[in-house]
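Work through the exercises below with the structure in view. Try each task before you read its solution.

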Amino acid sequence: MSRRAGFTLIELLVAIAVTATVLLLAHALFGAVELGARRAQEGYDEIESRATDIAWMAEAFRAVEIGRPGDGAFDGSASAVAFTGYTRTPAGWPERRRLALHAGSGRLLMTAGSDTLVLWQGVDGMFIDYLLEPGADVRWVNEWHSPVSAPLAVRLRLLEGSRVDTLLLLIGARG
C-alpha cells in the first residue's frame with residue numbers, strides 16, 4: 001500500500017474551522033475597538049461642545065451693558081435671566097443684542113435677538129442665583145431686576161437627571 005503526501009479531508013476541515021474561528025474573534029475584537037473609539041470621540045465632541053458653550057456664555061455675561069439709554073434692564077429670576085450684551089455673530093463680529101437664558105423642553109436655551117440657540121440637551125431644570133456683594137460673607141439673591149445695575153456674578157445650577165452642574169459666570173463692569 002502506497003501513501004501519498006498531503007492532508008486528509010478531516011485535517012483540511014479542522015484547519016478551515018480553526019481559521020474561521022480566529023477570523024470571527026478578530027472581527028469581533030476590531031468591531032469592539034471601533035465602537036469604543038467612536039464612543040470616545042462622541043464623548044470628546046460633547047465635552048468640547050459644552051466647553052465652547054460655557055466660554056460663549058462667560059463672554060456674553062462679561063459683556064453686559066447696563067445703565068445706558070437703550071440697554072434695557074438686567075432682569076433675572078430664579079429660572080431665567082435677560083440682559084443686553086455683546087455676542088459674536090457667525091462671522092465672528094461682536095454684536096450688541098438683548099440676550100435671554102432659560103431652560104425649556106429639556107434644553108438650555110439662549111435667545112440672542114431673534115435667534116434662539118440650543119446650548120445643551122437633557123437639562124431638566126435650572127436654578128439661578130445672583131451675587132449681591134463680594135466679601136467673606138457673600139450673599140446670593142434669587143432675583144435681580146434693575147435698569148441701572150447688574151450683579152457681580154450669576155450662578156447657574158443645571159439639573160440633568162440626578163446630576164447638578166454649577167456654573168459661575170462673572171459679570172463685566174457693573175453699570
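## Aromatic pairs

The structure holds 3 aromatic pairs. The model is a predicted one.

**Exercise 1.** Classify the pair formed by F61 and F83, and find where each residue lies.

*Solution.* Start with the rings: their centres are 4.7 Å apart and their planes 50 degrees apart. Planes under 30 degrees apart count as stacked and over 60 as edge-to-face, so what remains is tilted. F61 and F83 are therefore a tilted pair. Next, place them. F61 belongs to helix α1 and F83 to strand β3 (residues 80–88), so the pair ties together parts 22 residues apart in sequence. Both F61 and F83 are buried.

**Exercise 2.** Do the same for F74 and Y130.

*Solution.* The ring centres of F74 and Y130 are 6.1 Å apart, with the planes at 90 degrees, so this pair is edge-to-face. F74 sits in strand β2 (residues 74–76) and Y130 in strand β7 (residues 125–133), so parts 56 residues apart in sequence are tied together. Both F74 and Y130 are buried. Now join the results: ring pairs link F61, F74, F83 and Y130 into a cluster.

## Charges over rings

**Exercise 3.** Which residues lie over the rings of W120 and W140?

*Solution.* Take W120 to begin. R50 lies over its face, 4.1 Å from the ring centre. Turn to W140. The charged end of R155 sits over its ring, 4.3 Å from the centre.

## A surface patch

**Exercise 4.** Is I10 buried or exposed, and which patch does it join?

*Solution.* Locate I10 in helix α1 (residues 9–62). Its relative accessible area is 64%. Exposed means over 50%, so I10 is exposed. I10 forms a nonpolar surface patch with V14, V18 and V22. Together they have about 380 Å² of accessible area.

Definitions and conventions: Residues are numbered from 1 along each chain as its sequence is written. This is a predicted model: local features need pLDDT of at least 70, side-chain atom pairs count only at pLDDT 80 or more; totals for chains, interfaces and linings use all residues. Side-chain values use heavy atoms; hydrogens and water are left out. Patches are made of residues with over 30% relative accessible area and no salt bridge: like charges are joined within 9 Å, nonpolar side chains (Val, Leu, Ile, Met, Phe, Trp, Tyr) within 5 Å. Accessible areas come from the Shrake-Rupley method with a 1.4 Å probe; for residues, only the protein chains shown count as cover. A salt bridge is a side-chain nitrogen of Lys or Arg within 4 Å of a carboxyl oxygen of Asp or Glu. Helices (H or I, at least four residues) and strands (E, at least two) are DSSP runs, numbered from the N terminus. Buried means under 20% relative accessible area, exposed over 50%, partly exposed in between (1.4 Å probe, protein chains only). Rings of Phe, Tyr and Trp (its six-membered ring) pair if their centres lie within 6.5 Å; planes under 30 degrees apart count as stacked, over 60 as edge-to-face and the rest as tilted. A charge sits over a ring if NZ of Lys or CZ of Arg is within 6 Å of the ring centre and within 35 degrees of the ring normal.
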